[in-house]
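Open the model in your viewer and keep the sequence panel beside it. This tour goes from strands to charges, one selection at a time.

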Amino acid sequence: MVKDFHLEQRRTMRLTLCIPLKIGIQQNDGTSLTFDARTTVVNKNGARIESDMAPPLDQELTLNVPASGKSATARVAWASKDANENGFREFGVELEEGENLWGVRFPPVDWKWQDLSS
């Protein structure tokens, strides 16, 4: 059974936006791993990210946005098993604290979707 979804159910508006990232992972053996990635969709609570690798579910990450110098802690909420059409792995992250890490202006909280096609 497919549940109906409505845009109004989102906590915050999602924006399609490509932002280069440096992602850091603290591994179990105490070493750290850093890799390049980029966002494909962002909101105040997280992002969809694509890169050459996808960390495991629930992995804690440090997201660094080189263009702004901002960083935040996040956890992997989902990860693709296969590469996307661009040859990258995709994964979703949830920020530890909802914030505007991305440096973009989001629509106001009371913004309502309007169908402009009518």
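Strands (E, at least two residues) and helices (H or I, at least four residues) are DSSP runs, numbered from the N terminus. Two strands pair if DSSP finds at least two bridges between them. The model is predicted, so local features need pLDDT of at least 70 and side-chain atom pairs count only at pLDDT 80 or more, while totals for chains, interfaces and linings use all residues. Residues are numbered from 1 along each chain as its sequence is written, and side-chain values use heavy atoms, with hydrogens and water left out.

**Stop 1: the whole chain**

Show the cartoon. The protein chain has seven strands and zero helices. From the N terminus on, its elements run β-β-β-β-β-β-β. Now colour by accessibility. Buried means under 20% relative accessible area, exposed over 50%, and partly exposed in between (1.4 Å probe, protein chains only). Of the 118 residues of the protein chain, 31% count as buried.

**Stop 2: the β2–β3 hairpin**

Select residues 20–26, which are strand β2. Add residues 32–43, strand β3. β2 and β3 pair in the antiparallel sense over seven bridges. Glutamine 26 has serine 32 of β3 as its bridge partner. The two strands form a hairpin with five residues between them. Zoom in on the turn: glycine 30 there has a positive phi of about 90 degrees.

**Stop 3: other partners of β3**

Keep β3 selected. Add β1, residues 15–16, which pairs with β3 in the antiparallel sense over two bridges. Here leucine 15 is bridged to valine 42 in β3. Next add β4, residues 46–51. β3 and β4 are also antiparallel, over six bridges. Their hairpin has two residues between the strands. Along it, threonine 39 has isoleucine 49 of β4 as its bridge partner.

**Stop 4: a salt bridge between β3 and β4**

Show side chains. A salt bridge is a side-chain nitrogen of Lys or Arg within 4 Å of a carboxyl oxygen of Asp or Glu. By this rule there are four salt bridges. Select glutamate 50 and arginine 38: their closest N and O atoms are 2.5 Å apart. Glutamate 50 lies in β4 and arginine 38 in β3, so the pair ties together parts that are 12 residues apart in sequence. Which of the two is buried, and which partly exposed? Glutamate 50 is buried, at 4% relative accessible area. Arginine 38 is partly exposed, at 30%.

**Stop 5: a charge network**

Move to arginine 75. Its salt bridge with aspartate 58 has closest N and O atoms 2.9 Å apart. Arginine 75 lies in β6 (residues 70–79) and aspartate 58 in the loop between β4 and β5 (60–65), so this pair links parts 17 residues apart in sequence. Aspartate 58 counts as exposed, at 56% relative accessibility. Arginine 75 counts as partly exposed, at 33%.

Now add glutamate 94. Its side chain meets that of arginine 75 in a salt bridge (3.2 Å, N to O). Glutamate 94 is in β7, so the pair ties together parts that are 19 residues apart in sequence. Shared partners join Asp58, Arg75 and Glu94 into one network. Glutamate 94 is partly exposed, at 29% relative accessibility.

**Stop 6: the segment after β7**

Finish at glutamate 99. Its place is in the segment after β7 (89–95). Glutamate 99 counts as partly exposed, at 32% relative accessibility.
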